[in-house]
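Good morning, colleagues. I would like to take a few minutes to go through some selected local features of one model. Please have the structure open as I speak.

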Amino acid sequence: MERLPRLITSLFKDEKYIKENDLGKENHLLFNYFASLVHHHPDLIFFITTKGRVISQNREKVNALLGQPPKAKIHLKKLIPEQSFDLLASAFNQAVSGEINSRELTIQNKESQQLNLTLTFIPIKANNGTILSICVIVQDYTRFYRLIENKKLLNQHLRHAQQIANIGSWEYVIKDDTLLCSDSFYDLFGIEKTPSINLKTLSTYFHPDDFEETYKQINKSIQQGADLTTSFRISHGKTRQLRYMKVQAQILYKDNRPEKLVGVIKDYTEQKQLENNLICSSKNHQHIFDHLDAAIWMKEYPSGEILFLSKGLEDLFAVSREKVVGHTFKWEEMIYPDDLHSVAAKQSDLLLGKEINHTYRIISGDGTMKWVLDQTIPKLNDQGEVTHLFGMLTDITAEVETKEQLHYLANYDSLTSLPNHKSIRERLRKLCKGTSPFALMCVEVDNFQQINHALGYKIGDKVLKHSANKIKNILSDDTFLARMSSHTFIIIMEHFKTKQAVFNKAEEIMELFMTPITIKEYDLHETISIGISFFPEDGTNKASLLERTYSALYHAKKSGESNYQIYSYSKDISAYKKYILEKDMRKAIQHKEFELYYQPQVNSYSGIIVGAEALIRWNHKEWGIVSPGEFIPLAEENHLINHMTDWTIEQVCSDLRRWKDKGYTLRPIAINISPIRLLKKGLVEYVKNLLDKYDIPAKYIMFEITESKELENRKSVRSTLTDLRKLGIKIIIDDYGTGFASIQYLHDYEIDTIKVDKMYVQSINNEDKKDANIVSSLIHLAKALDMKVVAEGVEEYEQLEFLKQKECDFIQGYLFSKPVPIQSFEKMMQAGYLMPKCKFKQKPTKERRRFYRLIFPQYLPADLSVTEVNKRKVDLGTAPILIENISIGGLKILSKLNLPVHSALKFRFYFTIMQEQFSINGKLIWKIEEKGDLFYYGIEFIIQDREQERLAQLINHMTALQKQQKDIPDTNFIDENPYLYFKNLS
């Protein structure tokens with residue numbers, strides 16, 4: 001027997017050393033049975049010695065019960081509450097005494113969930129009755145206890161629910177004629193609770209007129225085996241009040257025979273009283289409702305029974321009340337087909353207990369379409385179920401038509417029937433909230449005011465309607481077209497594959513207006529200008545997009561009639577440059593990126609420096625030095641010109657002060673004044689304060705003003721100029737001869753000097769002598785009016801000699817000096833005079849020709865593109881250039897583009913020679929400015945060896961042809977003046 005503890009331990013350790021000869025064959029087989037029982041028993045079994053030591057336990061089952069990992073060590077004592085130790089000790093002692101007994105124990109598992117366990121203590125006895133050990137069987141009754149608790153909780157919830165909902169449950173045992181009822185059932189009837197009750201006893205509470213019918217319904221349900229649904233009245237057992245009851249029940253069978261009815265009963269007295277009250281109220285108000293201009297109705301749900309209907313429905317629907325009440329009226333057939341879906345969606349809201357208020361169209365009985373306002377309210381019972389629907393239908397056709405007319409007038413243009421500016425802004429506001437790209441076009445009819453003034457507004461209106469129809473006819477249905485203002489239209493293209501498609505559409509619109517139109521007896525030639533911007537790159541809100549589209553339109557109109565321009569840079573290099581300059585201009589003012597260059601003015605005969613013109617330059621980080629001709633128009637458009645003008649005036653005053661302090665001989669400086677600045681108040685005071693601040697005499701300041709339409713405001717401008725001359729400021733008319741009111745200006749304003757425009761000066765030597773005669777006349781006129789004359793743009797000796805003969809006072813031009821930085825001008829001031837330069841094309845100071853260069857017999861047309869800006873890839877299209885000569889290392893080209901040398905821009909050049917096409921990267925090495933706003937550039941190729949070899953073979957071939965005095969075949973050279981070539985392209 002002493003081996004028993006070790007043998008029992010082996011049951012749980014699955015030891016293999018217990019041999020058959022240790023126990024004997026019969027006992028060994030018995031042991032295996034016992035071991036299998038212990039291991040596979042669903043309950044937990046372990047053994048304790050009579051001394052209280054646990055000698056075996058199934059750790060895996062213990063850990064599984066407690067929710068612990070299989071190998072985790074468990075301290076059972078820590079799991080057992082202290083108050084349970086005495087109970088377990090008592091049970092253990094009883095087992096040691098030979099009694100089998102059980103105890104209940106509550107512990108917690110790993111997740112702190114309560115476990116309900118039953119422990120059975122069984123003594124293990126020897127044949128002689130000695131207690132060897134105690135076997136403890138642990139049974140988990142947790143699930144059983146939880147089911148009991150849940151059942152109790154559900155019963156409580158059921159009782160509370162029945163009390164709240166005025167519902168009682170019951171069972172009717174057919175054979176015994178016995179009713180088993182819930183507490184709520186007795187409360188609903190107002191009777192004392194008894195173990196059971198029969199129908200006869202219950203019938204005493206029924207209304208005399210209802211029990212017989214109810215009893216028939218019950219018998220019918222039992223006989224047919226059908227569910228029971230009925231209602232009846234009772235007299236409440238305690239209050240004696242009349243109550244309304246509804247019953248629903250189901251038959252239960254036993255041995256294929258009805259055994260009992262199981263059902264519920266509900267008190268719906270309040271709902272019934274409400275129905276009765278409503279019916280009574282509806283009768284009292286029937287007369288009133290029948291005389292209202294509306295259809296008022298009430299019906300029961302879900303039966304659809306009409307409980308009330310006013311006479312107004314007959315007028316609204318053009319059908320008789322009898323047809324509606326008789327259920328021959330089909331509501332869906334009256335609703336306008338396009339509104340059926342929305343009406344059905346609203347009606348479904350009623351079943352959710354929501355009130356609805358919506359409008360839709362109907363086709364009345366006489367075929368008339370009407371708009372109705374439908375207001376419907378659902379009535380719910382205590383369970384949230386719809387029991388009734390109340391509604392009112394009002395004919396609002398007149399109001400809708402008036403509203404539509406007002407909406408049309410507010411959102412559409414009455415002349416062209418197109419959406420108006422309000423619709424444009426609303427459309428843009430919605431589109432800008434999204435992320436889908438779209439294009440915005442502004443189309444303006446050029447010189448439209450002239451048509452209005454010359455032919456009258458009736459003709460003008462017909463032109464606008466004709467123009468609107470022209471554009472509309474070539475736009476797709478999903479393209480938005482609207483009239484923005486008098487002769488301006490807006491197009492919004494939402495769906496386009498590429499920007500080129502937008503440009504193609506713009507060109508297509510322009511082509512429409514190439515054909516003259518006939519309005520009455522007048523043949524009219526229209527032209528248009530178009531500005532284009534894109535969302536989101538040009539703006540992310542309607543204000544910025546419209547502003548930038550108008551900016552693009554402004555550039556288009558400045559470029560000439562029948563033209564389109566874009567705000568952004570995706571069309572061409574020039575547009576890109578304008579875009580960048582306009583974008584960076586405001587920051588340039590803040591960061592003081594502008595500087596002044598000075599171009600000297602000299603005496604015609606002696607070359608002595610008599611003054612200079614201050615010219616503002618912009619040292620842009622990408623485009624290098626930018627001339628005023630490129631950014632001044634942008635500054636005027638963006639209302640920044642006044643800031644630039646004031647900065648220039650102060651900078652000149654500051655420079656004069658510095659020269660005065662250095663002891664230089666001061667000479668008058670001419671400053672370009674925008675006509676817009678003359679119209680702004682405070683210029684005279686501003687200049688006076690600067691003269692006082694820097695202590696500079698006014699005679700050293702000259703203001704150059706350009707002929708423009710702003711000067712037509714003669715009274716305001718004359719007053720400003722007069723006050724400036726009183727300070728001592730000299731006034732110069734710049735670009736004289738290019739405007740249309742030059743003589744009038746000389747008459748109206750007190751002018752000290754006129755400056756002859758370079759357009760005439762540079763054409764003095766033309767064979768027709770027309771420009772020479774104009775210049776002679778201008779100089780003679782100025783002398784007669786006691787004015788000085790400055791000739792600008794002088795670049796050749798012949799021009800200088802002509803001007804000297806005509807006694808022109810002062811010369812300004814590249815023949816003496818181009819505009820120079822302040823440091824270079826100071827050196828000129830120290831010298832005091834300038835000698836005319838020989839007129840020849842500049843060459844680079846350092847020879848860069850490492851390779852033989854082939855000079856073409858004529859210029860070769862080619863294209864240039866910008867491929868990279870500040871290491872950012874761009875696609876800007878191409879610009880035309882002319883190639884003068886070529887080598888395997890580079891090109892010499894002529895272009896209208898003013899490009900920076902050694903900048904952050906990278907270029908690619910496209911040309912075709914002898915039917916072979918080349919596309920080669922390169923960079924600018926040097927630049928020479930030519931007359932006619934053209935520029936020579938030296939290009940260094942960035943070329944691969946294979947491409948260089950191909951080019952070298954062609955150059956060798958062309959060189960051989962030239963030596964043989966043969967033409968270069970299959971190459972499209974031009975034979976016209978390069979200036980005219982570029983002019984014709986534009």
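Let me begin with leucine 409, which is found in helix 16, spanning residues 397–411. I should say at once that the model is predicted. Is leucine 409 buried or exposed? Its relative accessible area is 53%, and the threshold for exposed is over 50%, so leucine 409 counts as exposed. Leucine 409 also belongs to a nonpolar patch on the surface, together with Leu406, Tyr408 and Tyr412. The area of that patch is about 380 Å².

I turn next to aspartate 584, which sits in helix 22, residues 573–590. Here the relative accessibility is 8%, and because buried means under 20%, aspartate 584 is classed as buried. Which residues does aspartate 584 contact, once neighbours within four places in sequence are set aside? They are Trp618, His620 and Lys621. For histidine 620, the separation from aspartate 584 is 36 residues along the sequence, while the C-alpha to C-alpha distance is 8.7 Å.

My last item is a pair of helices. Helix 17, residues 421–433, and helix 21, residues 542–558, have axes that come within 9 Å of each other and cross at roughly 115°. On the side of helix 17, the contact involves Arg425, Leu428, Arg429 and Cys432; helix 21 contributes Lys542, Leu545 and Leu546. How do these residues divide by character? Four are nonpolar and three are charged, with no polar residue in the contact between helix 17 and helix 21.

Thank you for your attention.

How values were computed
Residues numbered from 1 in each chain as written. Predicted model: local features only at pLDDT ≥ 70, side-chain atom pairs only at ≥ 80, totals over all residues. Heavy atoms only, no water. Axes fitted to C-alpha atoms, helices over the stretch in contact; angles between N-to-C directions. Helix = DSSP H or I, 4+ residues; strand = E, 2+ residues; numbered from the N terminus. Contact = heavy atoms within 4.5 Å. Nonpolar A, V, L, I, M, F, W, Y, C, P; charged D, E, K, R; others polar. Patch = residues over 30% accessible without salt bridge, like charges linked within 9 Å, V, L, I, M, F, W, Y side chains within 5 Å. Areas by Shrake-Rupley, 256 points an atom, 1.4 Å probe, with all protein chains shown as cover. Salt bridge = Lys/Arg side-chain N within 4 Å of Asp/Glu carboxyl O. Buried < 20%, exposed > 50% of the residue type's maximum accessible area, 1.4 Å probe, protein only.
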